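I sat down with one protein model today and kept notes as I went. Here is what I looked up, entry by entry.

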Amino acid sequence: MSTDSRLLGGLDLLNAVVTTGSFIAAGQRLGLSQSGMSRAVARLEQRVGVRLFDRNARAVVLTDEGRRFHEQVAPLLSALEEAVDGAASAALRVRGRLRISADAFVASHVLAPRLPAFLEAHPELELELLVRERMGNLVAEGLDLAVRFGMPQGQGLVARRLLQTRVITCASPRYIKRHGRPRHPNELTEGHECILFLDPQSGRPFEWDFHAGRKRLTALAVHGRLVVNDVATALAACIAGQGIAQPLELGVQDLLAEGTLIELFPEWHDELFPLYVVHPSRHLPPARVRAFLEFLVASTGVDFRQRSRGRAEAARRAESR
């Protein structure tokens with residue numbers, strides 16, 4: 001099949017529909033009427049020989065063939081866009097729309113506090129932050145990056161670890177007053193109520209593990225009547241005295257410092273959970289992607305080192321009392 005300008009225009013149209021999720025929004029972006037969009041899509045489907053979209057009055061979704069086709073051509077379109085920018089001596093300009101996926105915890109605790117500084121540094125950039133439970137398919141959904149806890153699964157992805165944060169076990173003063181404070185993790189298996197958190201990958205609650213140097217307690221048989229899949233809900237229930245929780249330290253430093261939550265086993269401090277930034281594998285990522293990667297790596301690294309030093313100094317002060 002020969003390549004012509006109409007086919008390249010059709011690929012741009014395909015990407016616009018996938019990115020915006022509708023023919024109307026894609027048409028507005030490309031300056032086409034609804035009837036013009038319909039004709040253009042029909043020409044593209046006729047050109048490639050498969051139906052690319054399932055559409056009705058409410059939604060437009062890719063067919064299986066359309067999804068595979070988009071996964072193949074999306075990196076090529078990005079590379080073409082970058083090549084055009086380079087030819088115009090604009091390869092270093094950070095501009096356009098950057099689309100990022102993150103879960104609610106990462107979006108609120110990691111990204112949101114850093115975004116004002118990043119956007120101020122790049123006034124020609126627009127940023128779209130999508131909060132969702134699962135990472136999804138970055139290429140098929142037109143996403144530039146994802147920021148997620150845990151090692152990402154998927155082919156054709158480049159992952160870079162930003163930091164590791166401790167998994168801590170904590171309870172509220174109200175819970176401890178009613179149920180007593182456990183002195184060892186083994187005590188959690190009897191007589192204590194634990195707040196369980198669902199693993200979005202397996203659909204089952206995360207296991208409770210404890211690490212202290214070479215000592216390991218794995219898959220401890222804890223019990224709890226409350227199972228949640230939202231960090232804010234788990235913390236609110238823990239603060240209210242419902243039970244013992246295992247949040248990430250990254251999200252509860254202030255609650256621990258002010259005494260709203262109490263860490264139960266500070267000596268079991270070596271279970272770590274990694275945070276990764278992920279993007280599709282490309283030889284030359286767009287300038288906007290490179291800029292965000294560099295900014296995020298630098299800002300999270302400095303912040304995490306400062307927090308680690310502060311935690312170590314607090315521990316030394318506590319030991320000297």
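**Overall picture**

I started with burial: of the 321 residues in the protein, 42% are buried. I kept in mind that this is a predicted model. Next I looked up the secondary structure and found 10 helices and 13 strands.

Then I checked the surface. The accessible surface of the protein comes to about 17700 Å², and carbon and sulfur atoms account for 51% of that.

I also wanted to know about contacts across the sequence. Taking contacts between residues at least 6 apart in sequence, I found that 74% join residues at least 24 apart.

**The largest pocket**

How much space lies in the largest pocket? I got about 1300 Å³. The lining has 43 residues, and the closest to the pocket's centre are Phe-197, Leu-198, Pro-200, Phe-206 and Phe-273.

I then asked which elements give two or more residues to that lining. On the helix side I wrote down helix 5 (104-111) and helix 8 (231-239). The strands on my list are strand 5 (145-149), strand 8 (195-197), strand 9 (208-212) and strand 13 (272-280).

I sorted the lining of the largest pocket by class, too: 26 residues are nonpolar, 7 are polar and 10 are charged.

**The cysteines**

How many disulfides does the structure hold? My count came out at 0. As a reminder to myself, a disulfide is a covalent bond between the sulfur atoms of two cysteines.

I picked out Cys-170, which is in no disulfide. Its nearest cysteine sulfur belongs to Cys-238 and is 4.4 Å away. Why no bond for Cys-238? I noted that its sulfur is too far from the one in Cys-170, because the gap is 4.4 Å and a disulfide needs the two sulfur atoms within 2.5 Å.

Buried or exposed? I looked up both: Cys-170 is buried, with a relative accessible area of 0%, and Cys-238 is buried, also at 0%.

**One charged residue**

My last stop was Glu-45, which I placed in helix 3 (residues 34-48). Is Glu-45 buried or exposed? Its relative accessible area is 12%, so I put it down as buried, since the cut-off for buried is under 20%.

What does Glu-45 touch, if I leave out residues up to four places away in sequence? I listed Val-50, Arg-51, Leu-52, Phe-53 and Arg-55.

Notes. Residues numbered from 1 in each chain as written. Predicted model: local features only at pLDDT ≥ 70, side-chain atom pairs only at ≥ 80, totals over all residues. Heavy atoms only, no water. 1 Å grid on protein atoms, 1.4 Å probe; cavity = no way out; pocket = protein on both sides within 12 Å on 5 of 7 lines; lining within 4 Å. Points joined across faces, edges and corners; volume = space filled by probe spheres on them. Helix = DSSP H or I, 4+ residues; strand = E, 2+ residues; numbered from the N terminus. Nonpolar A, V, L, I, M, F, W, Y, C, P; charged D, E, K, R; others polar. Buried < 20%, exposed > 50% of the residue type's maximum accessible area, 1.4 Å probe, protein only. Contact = heavy atoms within 4.5 Å. Areas by Shrake-Rupley, 256 points an atom, 1.4 Å probe, with all protein chains shown as cover.
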